[in-house]
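Subject: Structure for you to look at

Dear colleague,

I am handing over the structure below, and I would be grateful if you could read my notes with it open beside you.

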Amino acid sequence: MLFNSLQFLIFLPAVIIIYFSIPYKWRWLLLLIASYYFYMCWKVEYIILIIISTLIDFYAGIQMGKIKEKHKRRKYLYVSLLTNLGLLFGFKYFNFFSENVQQVFDYFNIFYNVPLFNVLLPVGISFYTFQTLSYTIDIYNGKAEPQTNLGIFALYVSFFPQLVAGPIERSQRLLPQFFQKFDFDYDRVKSGLLLMLWGFFKKLVIADSIARFVDTVYNNPEASDGITTLLATYFFGFQIYCDFSGYSDIAIGAALIMGYKLMENFRRPYFSQSIGEFWKRWHISLSTWFRDYFYIQLGGNRVVKWRWYYNLIVVFLVSGLWHGANWTFLIWGGLHGFYLVFSLMTLKVRNTFTSFIGLDRIPALNRLISIFITFNLVMFAWIFFRSNSLSDALIIISNIAQTKISFSLFNQAMLSFGRLDFLISIAAILLMEVIHIVQENKPNIRLRLSNKPVLLRWGIYTFLVMTIILFGKFGKQAFIYFQF
């Protein structure tokens, strides 16, 4: 069930109405049934995978909670890791590794005949797997207590607003909320609806509007010239941001209506002044997951310098692989790891140069230049993320390298997109960025808006709704991160 579907626009109000109409003690059951139904709308059989993961991790958590000695809890942690990572590997990575082993064996003329696992990738498997893994790892490390109510734990694993694309929640944050009693609160419900409205604007008006142009170029890179490819690359940067952050806004808003607070997942990442800052603003729930459960376990930055750099590269490579079983994702992750390590290695030199040319005395200009450089480094890496293959990525880079900027070529690229659609998309992106600039200085824009005159507030609400109705693309375009 897609958020941008008529089915969801019927499903969510029905769940909310029933939720506030029934006694508190039955609400968790309603949400669990609704969450399972929500997931089964894609493929009924794959609910079995969620149930298996839920039962195994619930059992592992209970057993670890009975043991005081950490080393004795390890076997139950391994049960959880092997089950969840085994499911993830089997459905997401087996074919990728098998095909690459096949190529190596063929090179050495070694017989290899392992059949591929031809099944549809379960929606959201990477997200709920990481969410439930954090639960067992935290219990193993003594940072969380095991949940003794199987139904509540099942709801934690499958909570429908964030089930298929996050945010990836932690048990200490989300589980206790399922025991709280939330009454209908007008201000909270309005805040949640406004966040959902903003998410739909980003998804339907921006992301889905430019998706057709991006897909046309990236699915046939040989047929596009340099300026068209360059435009499609920048558009993809905004497409993936609006698509994924739009999903997060809708998820957080839907949960907030019922009283549940999910973690912030995006914080205007294209305003970052460095790659390190970018990863503190982009997909925050995943970047903090890798920091807490992988990077720190490798030693983090509490090691010798070369090992620190090694840890960063490994984490970003694994992060790239998390996104998909393709060399393009590995290169994308490796590029971000390289960016970060290079910035750390050259920090003193860059600071000295900035001071030498006097940029440190013009902080606004220095900040603008840093944002510009970071933004373009991120855009370059997106080429590999979006490309269907490594060879396509190289063609796209070659096209961009031969770009000749001229008004006539730009006009031709704009015409290939569609002049009206192009202008609407640019206007929507500019509107979003203006709002982001305001949020950079005054983060809680919804609270500030609630204090404005009623005519102004409802004028803005009406404008957003009408913009979505008039210019939104309602073709049920799936969210990009559903494939992960």
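What follows is a summary of the whole chain and then of one residue in it.

Please keep in mind that this is a predicted model. The secondary structure consists of 20 helices and zero strands. The radius of gyration is 24 Å, close to the 23 Å that the globule rule gives for 484 residues, so the protein is as compact as a globular protein of that length. Along the principal axes, the C-alpha trace extends over about 70 × 70 × 50 Å.

Turning to packing, 53% of the 484 residues count as buried, and of the contacts between residues at least 6 apart in sequence, 75% link residues that are at least 24 apart. The exposed area of the protein comes to about 23300 Å², with 67% of it supplied by carbon and sulfur atoms. As for charge, the protein carries 43 positive and 25 negative charges, and the mean positions of these two sets lie 8 Å apart.

The residue I looked at is serine 126, which is located in helix α5, a helix that covers residues 125–140. Its relative accessibility is 0%, and because buried means under 20%, serine 126 counts as buried. Leaving aside residues up to four places away in sequence, serine 126 is in contact with Leu88, Lys92, Trp322 and Phe484.

With best regards

Notes:
Residues numbered from 1 in each chain as written. Predicted model: local features only at pLDDT ≥ 70, side-chain atom pairs only at ≥ 80, totals over all residues. Heavy atoms only, no water. Helix = DSSP H or I, 4+ residues; strand = E, 2+ residues; numbered from the N terminus. Buried < 20%, exposed > 50% of the residue type's maximum accessible area, 1.4 Å probe, protein only. Contact = heavy atoms within 4.5 Å. Rg over C-alpha atoms; globule rule 2.2 N^0.38 Å. Areas by Shrake-Rupley, 256 points an atom, 1.4 Å probe, with all protein chains shown as cover. Lys, Arg positive; Asp, Glu negative; His and termini not counted. Charge placed at Lys NZ, Arg CZ, Asp CG, Glu CD.
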